[in-house]
Structures are given as C-alpha cells and as structure tokens.
Amino acid sequence: MGYIEELRALVGHRPLLFVGAVVVIVDETGKLLLQERTYPKGKWGLAGGLMELGESTEDVAKREVLEETGLAVEELRLINVYSGPEHFAIAENGDEFYVVTVAYYTDCYTGELTIDRTESASVEFFEPGQLPDYMVGSHRVIIKEFLAKHYAALRK
C-alpha cells in the first residue's frame, strides 16, 4: 500500500493536499509528448504524478516519466508551480484533494518510448499547435505557459 492509500485509509474522502510534478518533454523536432490516459478514458495529459514520502519534486518527475513512458529525463527546468482553489478535485470514488503541481520542461531524455498500460492507452509527440481537444485542463494551462515563456529559447 502506498502513501496516498495509507492516508485515505485514515481520513476517508476528506480533502487532502498532495504535491505532484509533470514534465513537458520536447523532441528534436519541437513536438511535445503527451499520454492518453486510461482514466479518465481518452483524456490526454503530461507525464507525471504524485509525490511519495522522501522524494523531491525532481525525483517525482523523473520517476513518473520513466514509469509512464520508458524515458529517463534530465536537465529539468522549472516552468512554474501551480496551486489554489482551481486545483481542487473530487475523484470518481468521492476522494477530495487539492494538488500543488510543479511543472518542468526538458529536451534531454534517453530510452525507448513505451506505454505503461495501467496508466496510459498511448503516448505520442504532438506539434504545439495541434494538441488534442480532450486534455487535462491544468496541463493545457502549463503547456500554454511553457510555449509562451520557454519554447522559443529551447528551440534555438
């Protein structure tokens, strides 16, 4: 049983605060990596996840990207930290939570792109102007900020 499951066993569905990390991964052609999630089915988002005890946000980002995509990321650069009432969610099972998300970007990665079928239906690189319509809303905000503030410098 993981940290989050242990917390839920103690507090039930009451609101909790979680910290997570996501990564905008840019390939050599300037495309962005997204994963099509198994839950909610068909929704696209960035690779990432929630912090376990003892991890840094960089550790979370690297672990989750490796688990979800098979890629090992390096040289993580901060996009921003996202928090507040708009980051409140209620899971399908009634669990309530707020997430503080630390977003990074990188174009430095190694490995073979693979799919963790427990979390992803597919993973694919997209042109920045051709992102899927059905996306995690907060991830769309992160990508928009990344494109506005960091993308051009990364492509030089």
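How many of the residues of S1 are buried? In strand S1 (16–25), 8 of its 10 residues are buried, so that the strand is mostly covered, where buried means under 20% relative accessible area, exposed over 50% and partly exposed in between, with a 1.4 Å probe and protein chains only. The model is predicted, so local features need pLDDT of at least 70 and side-chain atom pairs count only at pLDDT 80 or more, while totals for chains, interfaces and linings use all residues. Residues are numbered from 1 along each chain as its sequence is written, and side-chain values use heavy atoms, with hydrogens and water left out.

Keep S1 selected and add its partners. Helices (H or I, at least four residues) and strands (E, at least two) are DSSP runs numbered from the N terminus, and two strands pair if DSSP finds at least two bridges between them. S1 and S8 are parallel and share 10 bridges, with Val-19 opposite Val-100 in S8. S1 is also joined to strand S4 (residues 47–50) by 4 bridges, here in the antiparallel sense, and Ala-21 has Gly-49 of S4 as its bridge partner.

Next, select the largest nonpolar core, a nonpolar core being a set of buried Ala, Val, Leu, Ile, Met, Phe, Trp, Tyr and Cys residues joined through side-chain atoms within 4.5 Å. Among its 19 residues, Val-24, Leu-32, Leu-34, Ile-79, Ile-142, Ile-143 and Phe-146 touch the most other members. Elements that give two or more residues to this core include strand S2 (32–37), strand S6 (77–82) and helix H3 (137–149), and H3 gives the largest share, 3 residues. Centre on Ile-79: leaving aside neighbours within four places in sequence, its contacts (heavy atoms within 4.5 Å) include Val-24, Tyr-105, Ile-142 and His-150. Apart from this core lies another, of 15 residues, among them Ile-25 and Leu-71.

Move now to Ser-120 in strand S10 (residues 120–126), which counts as buried because its relative accessibility is 1%. Its side chain makes a polar contact with the side chain of Gln-35 at 2.4 Å; a polar contact is a pair of N or O atoms within 3.5 Å, and within protein one must be able to donate a hydrogen and the other to accept it, with residues adjacent in sequence counting only if both atoms are side-chain atoms.

Finish at Arg-140 in helix H3, which counts as partly exposed because its relative accessibility is 34%. A polar atom of the Arg-140 side chain lies 2.9 Å from the backbone oxygen of Asp-133.
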